[in-house]
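Welcome! Here are a few exercises to help you find your way around a new structure. Try each task on your own before reading the solution below it.

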Amino acid sequence: MTDAPNSSTMHNASGNLPETQQGFALLLVLWTLVLISLIGTALLAGSKAATEQDAAETLLATTQAEADAAIQTALYHLLAGGAAHWGADGRFHAITEPDLTADVRIQVEAGKINPNTAPPGLLTAVFEVAGLQTPAAQTLARMTVLWRTPPSLAQQANRQANISLLATLGTCKPAARPMHTLDDIGEIPGMTPNLLATLAPHISFTQKDMPSPHTRDPFMRAVFDRLQTQGGAPPIQGASTPQREQEDTAVDWAEHTLIVTARVIRPGGHMLIRRAVLAPQPGRSTPFAFLSLGTIRQDQL
């Protein structure tokens, strides 16, 4: 009868395992510990990142709210009389209150080109000053007019010219509606990104009036100089011409689109600039209609 193996025998058997198997088991243990450590580190890092993101979002929302409050404050002062009145003259006013510190200014939107209303001759001069040769500028001006014009009106106005222009587009069809953003203009064939970047500071989609020939904007002055050289009629027909030294903002703000810009700087160098474009509504319970409101710049937020 065979004796059962005693504990000493079992210990000797386990101690006789190949060294490669023992090293592999130890390696598994070490890798398991490393994996657990990595998981723990990832959880901690994720928690920290989420906390930092929440803090950044809270800071952004708070700063935006402060900028919007500054815009509302500026509108209050615009309507106020006496010493509390702020003019739409483009000057920055400092707001320093226990819960709000900001700089804000009010401007009359003037001296820009509205691509939805500008006549072809003015558009041509704008595109020429922006760098296009005359034939290309004329074609782009016609294309811009076609892009903003409803189909029924486009067919009635210069039908043969529009048909030939449409033929160059192939499958690309005009939007046939007013443009509201720079992206809308960017869709016009012939409008390159570089050209659009040059035009952007001089474009308005809400300005109702044609720009004054005596604007202080060097770009627009060059446009009117080119129109005069070419013998083009001034774009302001039947209107009194302002004096050369008169500012574009020296007009009745109640009859023009307004731009209110608020700049908020937080401790640590966090800055945010918000801009509102408004249409005055004299005599109504709500004196201003917001046409747009958005952040145009933010740093370290």
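**Exercise 1. Find the residue with a positive phi in the hairpin of E3 and E4, and follow the pairing of these two strands.**

Step 1. Keep in mind that this is a predicted model. Go to the hairpin of E3 and E4, where three residues sit between the strands.

Step 2. Look through the backbone there: Gly268 has a positive phi near 90°.

Step 3. Now follow the strands away from the turn. E3 and E4 run antiparallel and are joined by nine bridges. One pair to look for is Ala262, opposite Arg274 in E4.

**Exercise 2. Work out how E2 is paired with E1 and with E3.**

Step 1. Start with strand E1, residues 93-97, and strand E2, residues 100-108: they pair in the antiparallel sense over five bridges. The hairpin that joins E1 to E2 has two residues.

Step 2. Pick out two facing pairs. Thr96 is opposite Thr101 in E2, and His93 is opposite Val104 in E2.

Step 3. Turn to the pairing of E2 with strand E3, residues 258-266, which is antiparallel with six bridges. Here Val104 has Ala262 as its bridge partner in E3.

Step 4. Put the pairs in a row. You can step from His93 to Val104, from Val104 to Ala262 in E3, and from Ala262 to Arg274 in E4.

**Exercise 3. In what order do the strands of the five-stranded open sheet lie, and which stand at the edges?**

Step 1. Write down the order of the open sheet: E1-E2-E3-E4-E5, with antiparallel pairing.

Step 2. Check the two ends. E1 and E5 each have a single partner strand, so one side of each has no neighbour in the sheet.

Step 3. Look along the sheet to see its twist, which averages 20° from one strand to the next.

**Exercise 4. Describe the largest pocket: what is its volume, and what lines it?**

Step 1. The largest pocket holds about 490 Å³ of space. Its lining has 20 residues, and the closest to the centre are His180, Phe205, Arg275, Val277 and Ser292.

Step 2. Connect the pocket to the sheet. Strand E4 (270-280) and strand E5 (288-299) each give at least two residues to the lining. E5 has the largest share, with six residues.

Step 3. Sort the lining by class: 10 residues are nonpolar, seven are polar and three are charged.

**Exercise 5. How many cavities of 30 Å³ or more does the structure have, and what lines them?**

Step 1. Searching the whole structure gives two such cavities.

Step 2. Take the largest cavity, with about 110 Å³ of space. It is lined by 13 residues, and those nearest its centre are Pro115, Leu123, Phe127, Leu199 and Ile203. Helix H3 (residues 120-129) gives the most to this lining, with three residues.

Step 3. Take the second largest cavity, about 30 Å³ in volume. Glu109, Gln207, Lys208, Asp209, His256 and Thr257 line it.

Step 4. Set the two linings side by side. In the largest cavity, 11 residues are nonpolar, two are polar and none are charged. In the second largest cavity, none are nonpolar, three are polar and three are charged.

**Exercise 6. Which stretches have a pLDDT below 50, and how many contacts do they make beyond near neighbours in sequence?**

Step 1. Begin with the chain as a whole: the average pLDDT is 78, and 72% of the residues score at least 70.

Step 2. Over residues 9-14 the pLDDT is below 50, and this stretch has one contact in the model beyond near neighbours in sequence. Residues 235-249 also have a pLDDT below 50, but there the model has 25 such contacts.

Step 3. Decide how to read such places: where pLDDT is low, predicted coordinates should not be read in detail.

Terms used
Residues numbered from 1 in each chain as written. Predicted model: local features only at pLDDT ≥ 70, side-chain atom pairs only at ≥ 80, totals over all residues. Heavy atoms only, no water. 1 Å grid on protein atoms, 1.4 Å probe; cavity = no way out; pocket = protein on both sides within 12 Å on 5 of 7 lines; lining within 4 Å. Points joined across faces, edges and corners; volume = space filled by probe spheres on them. Helix = DSSP H or I, 4+ residues; strand = E, 2+ residues; numbered from the N terminus. Nonpolar A, V, L, I, M, F, W, Y, C, P; charged D, E, K, R; others polar. Pairing = 2+ DSSP bridges. Axes fitted to C-alpha atoms, helices over the stretch in contact; angles between N-to-C directions. pLDDT = per-residue confidence, 0-100. Contact = heavy atoms within 4.5 Å.
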